[in-house]
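Visitor: I would like to learn how to read a model like this one. Where do we begin?

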Amino acid sequence: MADKIIEDVEVLDVKDMERNQRERRNEESSTDSEESSGGERQKGAPVIWKALSIIVALVAAAYTASPIDAVPDAIPVLGWLDDVGFVLMAALNVYQQFAKNQNSTMVKLVRYTKWMLVALIALAAVVVGGLITLIIHLIVQT
C-alpha cells in the first residue's frame, strides 16, 4: 500500500510530505512576523501618546523659557542643567513616540535613556531641595 499515515496526516509519497512540512513552516513564519509587527506595519505609537509627547515638549519649552525654575538659573551649572535635562527628555520622548518601528533597538535605547534622565532629574531635585532645606534650617537656628 502506497498510502502511509504519519502524524495523523495522510501522505501519498515523500514529495507530498516535504511539501506539507514547507507549508507548515511558511504558515508559522508568516504568523510570527505578523505577531511581531502587530498584524500590520507599525507607524509609530498610538495617536494619544503622540499628542501627549507634543504636550510634554511644549511644557518643557515653557519651563525652559520661564524665569521660575525648580533650580534657579542663578546657580551657575545646576540651573542650566535642569533646563537642558527637561528639553532633552522631551525631545527623546517625541522621537520615541513618532518612530515608525516601536520595536527597533534605537527606540528601546531612547526609551531607557529617557527614563534615566527622568531619574537623574528627580534625584537632582531631591538633592537641591535637601540643600535648600539644610541652608534654611541652619539660618533659622542661628
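Guide: Begin with exposure. Partly exposed means a relative accessible area between the buried class, under 20%, and the exposed class, over 50%. This model is predicted. Take arginine 19: its relative accessible area is 38%, so arginine 19 is partly exposed.

Visitor: What share of the 142 residues is buried?

Guide: Buried residues make up 20% of the 142 residues in the protein.

Visitor: How many helices and strands does the protein have, and in what pattern?

Guide: There are 4 helices and 2 strands. Along the sequence the pattern reads β-β-α-α-α-α. The two strands come before the helices in that pattern.

Visitor: Back to arginine 19. With which side chain does arginine 19 meet in a salt bridge?

Guide: The general idea comes first. Side chains of opposite charge can pair when their charged atoms come close. The cut-off here is 4 Å, from a side-chain nitrogen of Lys or Arg to a carboxyl oxygen of Asp or Glu. In this model, arginine 19 meets glutamate 23 at 3.8 Å, N to O. By this rule the count is 1 salt bridge.

Visitor: Where do the two partners, arginine 19 and glutamate 23, lie?

Guide: Both sit in helix H1, residues 14-36. They are 4 residues apart, about one turn of the helix.

Visitor: Is glutamate 23 buried or exposed, or does it count as something in between?

Guide: Glutamate 23 counts as partly exposed, because its relative accessibility is 40%.

Visitor: Now pockets. What is the volume of the largest pocket?

Guide: A pocket is read by its volume, then by its lining. The largest pocket has a volume of about 250 Å³. It is lined by 14 residues. Closest to the centre are Leu81, Asp82, Leu120, Ile121 and Ala124.

Visitor: Which helices each supply at least two residues of that lining?

Guide: Helix H3 (78-98) and helix H4 (105-141) do. H4 gives the most, with 6 residues. By class, the lining has 12 nonpolar, 1 polar and 1 charged residues.

Visitor: Leu120 is in that list. Which helix holds leucine 120, and is it buried or exposed?

Guide: Leucine 120 is found in helix H4. Its relative accessible area is 52%, so leucine 120 is exposed. Leu120 also belongs to a nonpolar patch on the surface, with Leu123, Val127, Leu131, Leu134 and Leu138. Together these residues have about 560 Å² of accessible area.

Visitor: How do I read residues that are apart in sequence?

Guide: Set the sequence separation beside the C-alpha distance. Valine 118 and phenylalanine 86 are 32 residues apart in sequence, and 8.2 Å apart in space, C-alpha to C-alpha. Valine 118 is found in helix H4. Its relative accessible area is 29%, so valine 118 is partly exposed.

Visitor: How many residues separate tyrosine 95 from valine 110 in sequence, and how many Å in space?

Guide: They are 15 residues apart in sequence and 8.0 Å apart in space, again C-alpha to C-alpha. Tyrosine 95 has its place in helix H3. At 39% relative accessibility, tyrosine 95 counts as partly exposed.

Notes: Residues numbered from 1 in each chain as written. Predicted model: local features only at pLDDT ≥ 70, side-chain atom pairs only at ≥ 80, totals over all residues. Heavy atoms only, no water. 1 Å grid on protein atoms, 1.4 Å probe; cavity = no way out; pocket = protein on both sides within 12 Å on 5 of 7 lines; lining within 4 Å. Points joined across faces, edges and corners; volume = space filled by probe spheres on them. Nonpolar A, V, L, I, M, F, W, Y, C, P; charged D, E, K, R; others polar. Buried < 20%, exposed > 50% of the residue type's maximum accessible area, 1.4 Å probe, protein only. Patch = residues over 30% accessible without salt bridge, like charges linked within 9 Å, V, L, I, M, F, W, Y side chains within 5 Å. Areas by Shrake-Rupley, 256 points an atom, 1.4 Å probe, with all protein chains shown as cover.
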